[in-house]
Amino acid sequence: MKAATKVLNLGLVALACLFFTNARAHADDIYVGNDGNNTIMKFDSSGNGSVFANSGLERPRGLAFDSSGYLYVANLTNNTIMKFDSSGNGSVFANSALRGSHGLTFDNSGNLYVASEFHNTIEKFDSSGNGSVFANSGLDEPRGIAFDSSGNLYVANGFNNTIEKFDSSGNGSLFADSGLDEPLGLAFDRSGNLYVANMQNSTIEKFTPDGTPSLFADSGLNEPAGLAFDSSGNLYVANFGNNTIEKITPDGTPSLFADSGLNGPVYIAVPEPATWLLLAMGTGALLGSRRLRRRSS
């Protein structure tokens, strides 16, 4: 339902697809941010989970790996970005220019991009944590963000049901405004098609590179938020509504991947050959409506 008075105890699900030669994470490991208990869970390819990190987290949202295998986590409550090594030891990476941090992703030069929902901006941080505004137009509660293979950044606007596209200079244009119902997670397949998690109507929409939409999946979903592809082309979906991770084959067949160790929303990181790609999406906090979420800090 889209009623403005619907109270949502939502979190955020972000999925990062990654692969590199000396990977610190094993292939197809999935990292999940639990908004409900401030932990990061790690799941192997069979869906077995364990706690990866439980310190320095305050309502963790977006997740992203850099090319050295460090995990970055957006904290919604205290507006910080945490950086974790392979053992789960964390430190503060950035704590400025953020308000309502959601999706995270890296470009090919190692710069980190953050969707600042309550500022309606996309912030850019260099490897030392120095921040600057990358984009501040065409945004309306930005949440999920993802780069395509040409270096364009796509942003899910959760409030006005659009996908915005930005070039490397931060110039924006409308990519899609149909087939969307509170879009959150974003993910690209190897053919350049963009997949979007529609939280409100529990569907996954697929867009071709020219923006043509089609329905990809509408079963096995319960308020989907995060999306990510594995190396075999399977799509993983974080369901906020029932705290599960769903796995969908390339032909759209769903199955349950994980349903334990999950508390509130989830974020996920899974490996995909030859690319580091964060597929982030967000929902909201415990607020009365999407408009109220925008005004909150």
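Tutor: A charge sits over a ring if NZ of Lys or CZ of Arg is within 6 Å of the ring centre and within 35 degrees of the ring normal. This is a predicted model, and in it the charged end of Lys 83 sits over the ring of Tyr 70.

Student: How far is the charged end of Lys 83 from the centre of that ring?

Tutor: The distance to the centre of the Tyr 70 ring is 4.6 Å.

Student: OK, rings with rings now. How many aromatic pairs are there in the whole structure?

Tutor: The search finds 13. One of them is Tyr 31 with Phe 65: the ring centres are 5.1 Å apart and the planes are at 75°, so this pair is edge-to-face.

Student: Where do Tyr 31 and Phe 65 lie?

Tutor: Tyr 31 is in strand E3 (residues 30-34) and Phe 65 is in strand E6 (residues 60-65), so the pair ties together parts 34 residues apart in sequence.

Student: Is Tyr 31 buried or exposed? And Phe 65, buried or exposed?

Tutor: Tyr 31 is buried, at 4% relative accessibility. Phe 65 is buried as well, at 7%. The cut-off is under 20%.

Student: What about Tyr 236 and Phe 257, how are their rings placed?

Tutor: Their centres are 5.1 Å apart with the planes at 85°, so that pair is edge-to-face. Tyr 236 belongs to strand E23 (residues 235-239) and Phe 257 to strand E25 (residues 254-258), with 21 residues separating the two in sequence. Both Tyr 236 and Phe 257 are buried.

Student: Which residues do ring pairs link into a cluster?

Tutor: Tyr 113, Phe 134, Phe 147 and Phe 166. As for the last of these, Phe 166 stands opposite Gly 172 in E17. Strand E16 (residues 162-166) pairs with E17 in the antiparallel sense, over 4 bridges.

Student: What sheet is E17 part of, and in what order do its strands run?

Tutor: It is an open sheet of 4 strands in the order E14-E15-E16-E17, with antiparallel pairing. Strand E14 (142-147) and strand E17 (172-176) are the edges, each pairing on one side only. From one strand to the next, the twist averages 30°.

Student: And E12 with E13, what do they form?

Tutor: A hairpin, with 5 residues between the two strands. E12 (residues 121-125) and E13 (residues 131-135) run antiparallel and are joined by 4 bridges. Phe 125 stands opposite Gly 131 in E13. In the turn, Gly 129 has a positive phi of about 90°.

Student: Changing topic: how many salt bridges?

Tutor: The structure holds 6. One of them joins the side chains of Asp 29 and Lys 42, at 3.7 Å from N to O. Asp 29 is in the loop between strand E2 (12-17) and E3, while Lys 42 is in strand E4 (residues 39-43).

Student: Asp 29, buried or exposed?

Tutor: Buried, with a relative accessible area of 6%. Lys 42 is partly exposed, at 23%.

Student: Which residue forms a salt bridge with Arg 59?

Tutor: Asp 35, with the closest N and O atoms 3.1 Å apart. Asp 35 lies in the loop between E3 and E4, and Arg 59 in the loop between strand E5 (49-53) and E6. Asp 35 is buried, at 8% relative accessibility. Arg 61 also forms a salt bridge with Asp 35, at 2.9 Å between the closest N and O atoms. Arg 61 is in strand E6, 26 residues from Asp 35 in sequence, and is buried with a relative accessible area of 0%.

Student: What residues make up the salt-bridge network?

Tutor: Glu 117, Glu 141, Arg 143 and Glu 182 are linked in it.

Notes: Residues numbered from 1 in each chain as written. Predicted model: local features only at pLDDT ≥ 70, side-chain atom pairs only at ≥ 80, totals over all residues. Heavy atoms only, no water. Phe/Tyr/Trp six-rings, centres within 6.5 Å; stacked < 30°, edge-to-face > 60°. Buried < 20%, exposed > 50% of the residue type's maximum accessible area, 1.4 Å probe, protein only. Pairing = 2+ DSSP bridges. Axes fitted to C-alpha atoms, helices over the stretch in contact; angles between N-to-C directions. Salt bridge = Lys/Arg side-chain N within 4 Å of Asp/Glu carboxyl O.
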